[in-house]
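Thanks for asking me to look this one over. My notes follow as numbered points, to be read with the structure open beside you.

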Amino acid sequence: MALTTLDPITALIVVDLQRGIVGLPSVHSMGDVVERSCTLAAAFRRHRLPVVLVNVDGGAPGRTERPRAGGPFPDGWTALIPELDRQLADITVTKRTWGAFASTDLENQLRSRGVTQVVVAGVATGTGVESTARQAYEAGFNVTLATDAMTDPRPEAHDYSIANVFPRLGESGSTQAIIDLLATRSAQA
């Protein structure tokens with residue numbers, strides 16, 4: 001579904017742009033994803049809308065067929081990248097699952113600010129971004145996906161999420177289209 005509107009109180013959620021992840025191989029340039037995510041964050045802050053910065057520190061308990069890397073993360077691995085220019089007003093969430101809503105207070109924080117829609121960007125498209133978008137949708141938020149501000153190490157996962165999953169969760173658009181709608185939303189508010 002093409003991007004049509006942003007609610008008056010829309011929050012940006014930037015998933016897993018942290019030191020230990022941004023250096024990993026990905027389908028699309030991580031530099032471009034970081035730049036576009038930072039551009040979105042700056043635009044949301046200019047419009048005095050919530051910005052959520054998410055990092056991952058661990059994993060959900062339970063057995064899986066594919067073993068997880070063992071041991072603690074190296075020093076600095078979970079730190080948000082400085083390019084995000086974290087502000088005091090930003091909401092920060094540390095997750096231990098793929099999605100940013102499970103086992104965190106993110107839903108309560110957004111609801112307490114009157115948020116009814118979220119824009120999701122970051123990495124990885126088929127895990128952290130998709131899980132966060134699914135959880136937001138299931139919690140009743142309108143969802144927008146900034147498809148040029150996300151990437152994945154697996155091309156098939158990235159492409160599948162964008163083509164098959166995201167249209168069922170909300171609307172997708174470019175960073176510029178979202179910024180343009182922010183200005184329109186602001187002019188009408």
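1. A definition to begin with: a nonpolar core is here a set of buried Ala, Val, Leu, Ile, Met, Phe, Trp, Tyr and Cys residues joined through side-chain atoms within 4.5 Å. Please keep in mind that this is a predicted model. The largest nonpolar core has 31 residues, and L12, L17, L40, F44 and I178 have the most contacts inside it. Two or more residues come from each of β1 (10-15), α2 (30-46), β2 (51-56), β4 (117-123), β5 (142-151) and α6 (175-188). The most is given by α2, with 8 residues. Another core lies apart from this one; it has 24 residues, among them A100, F101, L110 and L145. As a general remark, nonpolar side chains tend to be buried together in soluble globular proteins.

2. On the overall layout, the chain has 6 helices and 6 strands. Along the sequence they follow the pattern β-α-α-β-β-α-β-α-β-α-β-α. Of the 189 residues in the chain, 47% are buried. Among contacts between residues at least 6 apart in sequence, 82% join residues at least 24 apart.

3. What is the strand order of the open sheet? Its 6 strands run β3-β2-β1-β4-β5-β6, with parallel pairing. The edges are β3 and β6 (171-173), each of which pairs on one side only. On average, neighbouring strands are turned by 25° against each other, direction ignored.

4. Two of the pairings are worth a look in detail. The parallel strands β1 and β4 are joined by 6 bridges, and L12 stands opposite V119 in β4. L12 is also one of the residues with the most contacts inside the largest core. Between β2 and β3, also parallel, there are 5 bridges, and V56 stands opposite K95 in β3.

5. Strand β3 shows a neat alternation. I91, V93 and K95 point to one face and are buried, while T92 and T94 point to the other and are not. This fits the general rule that side chains in a regular strand alternate between the two faces of the sheet.

6. Two residues give a good view of the packing around α2. Leaving aside neighbours within four places in sequence, L17 is in contact with V22, M30, V33, V34, S37, V54, L80, I81, L84 and V123. S37 itself lies in helix α2. Is S37 buried or exposed? Its relative accessibility is 0%, so S37 counts as buried, the cut-off being under 20%. Not counting residues up to four places away in sequence, S37 touches L12, V14, L17, A121, G122 and A149.

7. Helix α4 (125-138) is mostly covered, with 11 of its 14 residues buried. Among the buried ones are T125, G126, E130 and Q135. The buried residues of α4 pack against β1, β3, β4, β5 and α5. After the helix comes G140, whose phi is positive, near 95°.

8. The packing of α4 against α5 can be followed through A157, a residue of helix α5 (residues 155-169). A157 is buried, with a relative accessible area of 12%. A157 and G126 are 31 residues apart in sequence, yet 5.1 Å apart in space, C-alpha to C-alpha. Beyond neighbours within four places in sequence, A157 is in contact with G126 and D152. Helix α5 itself lies across β5 and β6, running at about 165° to β5.

9. Last, the aromatic residues. The count comes to 1 aromatic pair. The ring centres of F101 and F141 are 5.9 Å apart and their planes are at 40°, so the pair is tilted. F101 lies in the loop between β3 (91-95) and α3 (106-112), and F141 in the loop between α4 and β5, so the pair ties together parts that are 40 residues apart in sequence. Both partners are buried: F101 has a relative accessible area of 9%, and F141 is at 2%. In addition, the charged end of R111 sits over the ring of F141, 4.2 Å from its centre.

How values were computed:
Residues are numbered from 1 along each chain as its sequence is written. This is a predicted model: local features need pLDDT of at least 70, side-chain atom pairs count only at pLDDT 80 or more; totals for chains, interfaces and linings use all residues. Side-chain values use heavy atoms; hydrogens and water are left out. Buried means under 20% relative accessible area, exposed over 50%, partly exposed in between (1.4 Å probe, protein chains only). Helices (H or I, at least four residues) and strands (E, at least two) are DSSP runs, numbered from the N terminus. Contact means heavy atoms within 4.5 Å. Rings of Phe, Tyr and Trp (its six-membered ring) pair if their centres lie within 6.5 Å; planes under 30 degrees apart count as stacked, over 60 as edge-to-face and the rest as tilted. A charge sits over a ring if NZ of Lys or CZ of Arg is within 6 Å of the ring centre and within 35 degrees of the ring normal. Two strands pair if DSSP finds at least two bridges between them. Axes are lines fitted to C-alpha atoms, for helices over the stretch in contact, and angles run from 0 to 180 degrees between N-to-C directions.
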